[in-house]
Amino acid sequence: MTTSEIEHRVSSADLVAALTTRTTRIGGNDGGWPGLTLYRYIEPTAPAWEEIQSLSLGIVAQGSKAVIVEDERYVYDPFHYLVLSSNLHFQAEVLQADAEQPFLSFVLEIDPTLVRKVSTDMLGRRAGSFGAATEEQGETASCVVSPLDPELMAAVLRFLHSLDSDADRRVLAPMCVEEMVYRVLRREQFSRMLHIAARQTAHTPISAALAFARAHYAEPLTVSDLARQVALSPSAFSASFREMTGRTPYQFLKEYRLDRARELLLDRGMTVAEVSRHVGYASVSHFIKEFRNRFGVTPRAYVDAYLVEAELRRRQSDLE
């Protein structure tokens, strides 16, 4: 057995342990994170129809599973992960499972805007890189399977462990999800995942409103302002917006501003007051309060925690 195979077995055992403690019942279990579902089965299942609404990443810790999309069969297991397109109707069946070694897996919904952000960072923030990459790919499969490498496995384990405490969930979990997307994009799935993400953000009235909101997030936007951009009444727009995104326009704008603030604090080293003004907050104290409500710590404490995590990763990389 090679060193890489031994390392994979050890990591797989850690992942099995992490999912075993978190799956208290047969079938789907709430993962404690938006869009995260954990699965446990003690026997194979017959093919059953399922549906997902968002771009999703599937990881198996133990056993194996098959997904059938448009007569194409995709099998993934502890050595392979799965990427599924959005708004997809498919059949799924658990292939390997028993009481002693139950099937254990999770599915995590991925925000396509995060895919866009990470891909842009990887390409040096060149304008239009997201669209260009997806255009070059053209039509691609709605479902893809790739080898699960050690780097992605490590990010997966860090993500699951970060859900064990409120502070880690707010501060570290978003970084882990971003790293997972990065690890997937680094491999051969770069153009494929970009294409799937782009397809999810296809041209709809709400998508157009989201694009406008992201471009003008620092301005004092109202629901009426956004609805006017897509020729909908405020009530119809709000209903459609909530149906597509799972949140109100106000919640989306607040979360987007705070997420953008987090990026600015980490990427550009701006002061808290500078970031507050940049993302549209007139009051620094109000900004700090909203930031703490979303991430569990103050902006300065968040940066400090990030720097500690980055240093730990650097030391781990040096040891490897």
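This is a stop-by-stop tour of the structure, with a selection to make at each stop.

**Before you start**

The model is predicted: local features need pLDDT of at least 70, side-chain atom pairs count only at pLDDT 80 or more, and totals for chains, interfaces and linings use all residues. Residues are numbered from 1 along each chain as its sequence is written, and side-chain values use heavy atoms, with hydrogens and water left out.

**Stop 1: the whole chain**

Show everything as a cartoon. The protein has 13 helices and ten strands. Both are DSSP runs, numbered from the N terminus: helices are H or I over at least four residues, strands are E over at least two.

Now colour by burial. Of the 320 residues, 45% are buried. Buried means under 20% relative accessible area, exposed means over 50%, and partly exposed lies in between (1.4 Å probe, protein chains only).

Contacts come next; a contact means heavy atoms within 4.5 Å. Take the contacts between residues at least 6 apart in sequence: 71% of them join residues at least 24 apart.

**Stop 2: the largest core**

Select L15, F106, L108, F159 and M180. These residues have the most contacts inside the largest nonpolar core, which has 37 residues. Several elements each supply at least two residues of this core: α1 (3-22), β2 (36-41), β4 (56-62), β7 (80-84), β9 (103-109), α2 (112-122), α4 (150-162) and α5 (166-186). A nonpolar core is a set of buried Ala, Val, Leu, Ile, Met, Phe, Trp, Tyr and Cys residues joined through side-chain atoms within 4.5 Å. In soluble globular proteins, nonpolar side chains tend to be buried together.

Centre on F106. What does F106 touch, leaving out residues up to four places away in sequence? The list is L19, L36, T37, L38, Y39, L57, G58, I59, V156, L160 and M180.

Apart from the largest core lies another, of 19 residues. Select L258, L264, L265 and F287, which are among its members.

**Stop 3: α2 against α5**

Show these two helices alone. Their axes come within 10 Å and cross at roughly 60°. Axes are lines fitted to C-alpha atoms, for helices over the stretch in contact, and angles run from 0 to 180 degrees between N-to-C directions. α2 and α5 are therefore oblique to each other. The scale: under 35 degrees is roughly parallel, over 145 roughly antiparallel, 65 to 115 roughly perpendicular, and the rest oblique.

The crossing of α2 and α5 is right-handed. That term applies if the near helix is turned clockwise from the far one by less than a right angle; anticlockwise makes a crossing left-handed.

Add side chains. L114, V115, K117, V118, S119 and M122 of α2 meet V177, E178, V181, Y182, L185 and R186 of α5.

**Stop 4: α10 and its partners**

Select residues 205-215 for α7 and 249-267 for α10. The two axes come within 10 Å, crossing at roughly 45°. That makes α7 oblique to α10. Their crossing is right-handed. L210, A213 and R214 of α7 make the contact with F252, L253 and Y256 of α10.

Now add α12, residues 284-295. The axes of α10 and α12 come within 10 Å and cross at roughly 95°. This makes α10 roughly perpendicular to α12. On α10, the contact is made by Y250, K254, E255, L258, D259, A261, R262 and L265. On α12, the contact residues are F287, E290, F291, R294 and F295.

**Stop 5: cysteines**

How many disulfides does a search of the whole structure find? Zero. The cut-off for a disulfide is a pair of cysteine sulfur atoms within 2.5 Å. Select C143: this residue is buried, at 1% relative accessible area. C176 is buried too, at 3%.

**Stop 6: exposed sites**

- Select D71, in the loop between β5 (64-69) and β6 (72-76). Phi of D71 is near 70°, a positive value in a residue other than glycine. D71 is exposed, at 78% relative accessibility.
- Select A231, in the loop between α8 (223-229) and α9 (234-245). Phi of A231 is near 60°, which is positive, and the residue is not glycine. A231 is exposed, at 71%.
- Select R228, in helix α8. R228 is exposed, at 57%. R228 and A209 are 19 residues apart in sequence and 9.2 Å apart, C-alpha to C-alpha.
- Select P34, in the loop between β1 (27-30) and β2. P34 is exposed, at 64%. P34 and I110 are 76 residues apart along the chain, with 9.6 Å between their C-alpha atoms.
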